[in-house]
Amino acid sequence: MKRFLATAASAVVLALGATAASAQSPSEQIGFGITAGQLIGGHVVYALSPGLHIGSGFGMQIQEGNNVVYFAPYAKFLLKGTKELKPFFMAQFEIASGSGTSTTGLSVSGGGEYFVTPNVGIYGQISLVSIQFDPSVTALGLLRPSVGIEWFLD
């Protein structure tokens, strides 16, 4: 059984390697994804070009006494990298509301996205600057790490 699992795992790795050789950032495609970090949520994205994706994140944090819903439109600027791995910067406008209060802010994140296929990207990012308007808070540093996956439709 162990030998079968090792052979099956090797076949999967070879298949992913073969598809990754032709992967690159999509263009003029809509997609959706899931992000996990401090909050877990989903997003809808549109690839305007291989170097510019726009979209919006949606999510909910459920905790005792304070359920928070957030909405975060963003623009992701993918930089030149290898064909499969693209570093990026993302600017995001964040709106969160819960228990009668709401907050708004801006954040800039940096990260990288690995395109397993032209339609599937796996990414990680870290917030570099976060500015909240009400209450006024500015945070600088390596903050709020998150990872995610996104699928683009043909």
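A charge sits over a ring if NZ of Lys or CZ of Arg is within 6 Å of the ring centre and within 35 degrees of the ring normal. With that in hand, you can find Lys-76 over the face of Phe-88, at 5.0 Å from the ring centre. The structure above is a predicted model, and its chain holds one helix and eight strands. Those eight strands form a closed barrel with antiparallel pairing. Here is a friendly tour, from the whole chain down to single residues.

**The chain as a whole**

- Reading from the N terminus, you meet the elements in the order α-β-β-β-β-β-β-β-β.
- The chain has 154 residues, and 32% of them are buried.
- About 9,000 Å² of the chain is exposed, with carbon and sulfur atoms supplying 69% of that area.
- Among contacts with a separation of 6 or more, 46% are between residues 24 or more positions apart.

**The barrel**

- In the closed barrel, the strand order is 1-2-3-4-5-6-7-8.
- From one strand to the next, the twist averages 25°.
- As general background, strands of a sheet pair through backbone hydrogen bonds, in either a parallel or an antiparallel way.
- Strand 1 (residues 29-36) is joined to strand 2 (residues 40-49) by eight bridges in the antiparallel sense.
- Within that pairing, Ile-34 has Gly-42 of strand 2 as its bridge partner.
- Strand 2 also runs antiparallel to strand 3 (residues 52-61), again with eight bridges.
- One place to look along strands 2 and 3 is Ala-47, whose bridge partner in strand 3 is His-53.
- The link from strand 2 to strand 3 is a hairpin of two residues.
- Further along, strand 4 pairs with strand 5 (residues 85-98) over eight bridges, in the antiparallel sense.

**Aromatic pairs**

- How many aromatic pairs does a search of the whole structure find? It finds two.
- One involves Phe-58 and Phe-71, whose ring centres are 5.5 Å apart; their planes meet at 45°, so the pair is tilted.
- The tilted label follows because planes under 30 degrees apart count as stacked and those over 60 as edge-to-face, with the rest being tilted.
- This pair links distant parts of the chain: Phe-58 belongs to strand 3 and Phe-71 to strand 4 (residues 68-78), 13 residues apart.
- Phe-58 has a relative accessible area of 41% and is partly exposed.
- Phe-71 is likewise partly exposed, at 35% relative accessibility.

**Lys-76 and its rings**

- Besides Phe-88, Lys-76 lies over the face of Tyr-123, at 5.1 Å from the ring centre.
- Lys-76 also stands opposite Met-90, a residue of strand 5.

**Lys-86**

- Is Lys-86 buried or exposed? With 15% relative accessibility, Lys-86 counts as buried, because the cut-off for buried is under 20% relative accessible area.
- You will find Lys-86 in strand 5.
- Leaving aside neighbours within four places in sequence, Lys-86 is in contact with Leu-78, Leu-79, Gly-81, Gly-111, Gly-112, Glu-113 and Phe-115.
- One of these, Glu-113, is 27 residues away from Lys-86 in sequence, while their C-alpha atoms are 5.3 Å apart in space.

**Trp-151**

- Trp-151 is located in strand 8 (residues 137-152).
- Its relative accessibility is 30%, and Trp-151 counts as partly exposed.
- Which residues does Trp-151 touch, not counting those up to four places away in sequence? They are Ile-30, Gly-31, Phe-32, Gly-33, Ile-34, Asn-119 and Val-120.
- Trp-151 and Gly-33 are separated by 118 residues in sequence, yet by 6.1 Å in space, C-alpha to C-alpha.
- Ile-34, another residue that Trp-151 touches, is the bridge partner of Gly-42 in strand 2.

**Glu-28**

- Glu-28 lies in the loop between helix 1 (2-20) and strand 1.
- The phi angle of Glu-28 is near 55°, a positive value in a residue other than glycine.
- With a relative accessible area of 60%, Glu-28 is exposed, because exposed means over 50%.

Notes: Residues numbered from 1 in each chain as written. Predicted model: local features only at pLDDT ≥ 70, side-chain atom pairs only at ≥ 80, totals over all residues. Heavy atoms only, no water. Pairing = 2+ DSSP bridges. Helix = DSSP H or I, 4+ residues; strand = E, 2+ residues; numbered from the N terminus. Phe/Tyr/Trp six-rings, centres within 6.5 Å; stacked < 30°, edge-to-face > 60°. Buried < 20%, exposed > 50% of the residue type's maximum accessible area, 1.4 Å probe, protein only. Contact = heavy atoms within 4.5 Å. Areas by Shrake-Rupley, 256 points an atom, 1.4 Å probe, with all protein chains shown as cover. Axes fitted to C-alpha atoms, helices over the stretch in contact; angles between N-to-C directions.
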